[in-house]
Amino acid sequence: MKQLNFNLPQRQSVIGIIVLFADTFQSIVRALIPLIAIWVFKFDQINKIYLVLSIFIVIGIVGIIAYIQYINFTFYIDTEKNEFVINKGVLNKTKIAIQLDKIQQVNINQSFIQKIIKVYSLEVDTAGSSNKEVKIRAISKELAEVLKGKLLEKEFKSDKVESEIQKSEDIIKISLLSLIKVGLTSKYAQTFALLLAFFATIYENFNQWSQNNAAIENKIDSYVNQTSTLFLASFFILILLFTILIINLTRTIVKYFNFKIEKQQESLVLSYGLLNTRNTIIKPEKVQIITLSRNFFQRNLNVLDIKIKQASLGETEKEERKSAIEIPGCSPAERDQILKLLLSKIPEHHFVLLPNIRSIIIKIFKYIFLPIVILILIINNVEISNFNYLFIAPLYFIIVVLSIYFSFINYKLFIGNDHIVKQNGVWDIDKQIIEIHKIQAIKTSQLFWHKKPNIGSITLCTAGGNITFRLANFEQIKQFVNIWLYQVESSQKSWNT
């Protein structure tokens with residue numbers, strides 16, 4: 001690859017027009033989903049000639065838009081102003097200038113279509129914004145890596161960029177077996193909620209359709225009456241569990257296939273994906289919160305998940321969860337290796353802060369007392385013979401009591417010389433790790449009825465989110481707050497340089 005002068009405006013690869021076309025077409029299709037749904041249900045009533053003409057017109061318009069996007073999109077580096085400049089637009093042209101010292105992260109990704117035409121996208125993430133400021137959708141891998149290196153440099157010594165790409169050291173590779181273990185043992189609740197919403201929608205639509213077809217409705221009622229309700233419920237639960245396992249397994253393998261962690265100078269580079277390949281860089285000094293997560297099955301299978309949060313830039317809680325970098329299927333040895341790379345050492349603790357027994361009272365009131373009162377009211381106003389779901393009450397009571405018990409015994413704050421670790425969870429046990437010198441603010445709170453038992457709460461604020469520990473010994477909390485504030489003020493370490 002020849003030397004590149006990034007002082008001159010550069011365009012994306014010509015073949016990248018296909019990517020621009022696909023992105024624009026996808027956006028239009030998503031916007032027209034309600035109209036497309038109507039067309040599907042009324043396909044026999046639609047004039048086929050007008051339908052075909054409409055499709056060709058849309059394709060033509062999308063093609064023109066994609067070509068204009070390609071022509072108007074240029075990027076270059078202004079070394080005098082120390083800025084990365086992007087020009088883009090279709091009818092209204094936009095110029096974006098990003099200060100190089102504000103660039104937080106540069107990621108190189110590849111979607112399924114980009115894999116086919118052999119181009120890559122480059123995303124630039126800057127301080128002060130919750131979104132990717134710039135996304136170059138179609139450039140070669142060599143150009144992407146060279147541009148990435150230039151954007152992450154502190155100083156520019158030459159207008160020319162050498163095509164030599166930094167060598168990387170492959171340190172961790174997550175095996176397919178580990179991904180299978182994680183896929184079969186995680187994210188049950190999220191998948192169950194999605195499936196429940198999906199089946200509820202299907203059931204509602206099917207119910208409306210069957211009501212308009214009396215013969216079909218009679219057949220369904222006859223079949224249900226002849227079949228044991230318990231059998232149908234058991235069959236549905238088995239199908240649901242099997243579907244959850246298949247979805248989780250497929251999603252994990254497709255998303256994290258060929259997961260590799262490489263070390264480039266002082267940073268870690270993560271690359272993964274079967275259909276869409278993602279490439280993310282992690283700078284240890286920018287890491288704010290590291291979460292280690294595992295459940296009973298994963299503990300016995302010797303795997304765990306790691307989630308890494310860097311500076312969130314004022315994102316909402318939903319955006320923070322979405323932007324967290326996840327490393328699935330790590331073994332304990334790989335976990336220790338990653339912690340040493342990110343934190344320079346494995347966290348140790350010398351003191352454990354425990355919650356007060358009173359923290360259970362509010363949970364008992366919310367999840368046991370109130371439901372019992374509601375159940376009593378229902379029973380008093382509904383005949384027992386008409387209330388077919390009374391058997392759920394004992395099951396609910398057992399699950400809630402166990403959940404409250406395990407959440408209490410798992411709730412701990414481990415305190416060391418350089419690190420703080422919050423542990424919590426019922427089934428999935430999470431350990432959130434922060435370095436003391438990265439704390440930005442500390443908040444303490446105590447309700448007036450908690451003064452006599454001497455309990456209170458503490459919130460540790462970081463650029464990657466907050467960690468709150470509730471209802472512990474307030475005197476101990478205040479002692480540690482003074483120590484942590486002193487450590488933050490006197491520390492020579494910095495995470496924002």
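Helix 12 (residues 332–343) lies across five named strands of this predicted model: strand 13 (287–294), strand 14 (304–310), strand 15, strand 18 and strand 19. Relative to strand 13, helix 12 runs at about 170°. Helix 15 (residues 474–490) packs on the sheet too, and a set of salt bridges rounds off the tour below.

**The sheet**

- The sheet is open and has 7 strands, in the order 15-14-13-19-18-17-16, with antiparallel pairing.
- At its edges are strand 15 (325–330) and strand 16 (351–353), each of which pairs on one side only.
- From one strand to the next, the twist averages 20°.
- Inside this order, strand 18 (residues 419–424) pairs with strand 19 (residues 429–435) in the antiparallel sense, over 6 bridges.
- If you would like a place to look in that pairing, find N424, which stands opposite D430 in strand 19.

**Helix 15 on the sheet**

- Helix 15 touches strand 16, strand 17 (412–415) and strand 18.
- The direction of helix 15 makes about 125° with that of strand 16.
- Strand 18 is also among the strands that helix 12 lies across.

**Salt bridges**

- The count comes to 6 salt bridges, and three of them are worth a visit here: E123 with K135, D418 with K345, and K438 with E435.
- In the pair of E123 and K135, the closest N and O atoms are 3.7 Å apart.
- This pair links distant parts of the chain, with E123 in strand 6 (residues 120–126) and K135 in strand 7 (residues 134–139), 12 residues apart.
- E123 counts as buried because its relative accessibility is 8%, under the 20% cut-off.
- K135, with a relative accessible area of 39%, is partly exposed.
- D418 and K345 bring their closest N and O atoms to 2.6 Å.
- Their salt bridge joins two loops 73 residues apart in the chain: D418 sits between strand 17 and strand 18, and K345 sits between helix 12 and strand 16.
- Both partners are partly exposed: D418 has a relative accessible area of 30%, and K345 has a relative accessibility of 39%.
- For K438 and E435, the closest N and O atoms are 2.8 Å apart, and both residues are buried.
- E435 also belongs to the sheet, as strand 19 covers residues 429–435.

Notes:
Residues numbered from 1 in each chain as written. Predicted model: local features only at pLDDT ≥ 70, side-chain atom pairs only at ≥ 80, totals over all residues. Heavy atoms only, no water. Pairing = 2+ DSSP bridges. Helix = DSSP H or I, 4+ residues; strand = E, 2+ residues; numbered from the N terminus. Axes fitted to C-alpha atoms, helices over the stretch in contact; angles between N-to-C directions. Contact = heavy atoms within 4.5 Å. Salt bridge = Lys/Arg side-chain N within 4 Å of Asp/Glu carboxyl O. Buried < 20%, exposed > 50% of the residue type's maximum accessible area, 1.4 Å probe, protein only.
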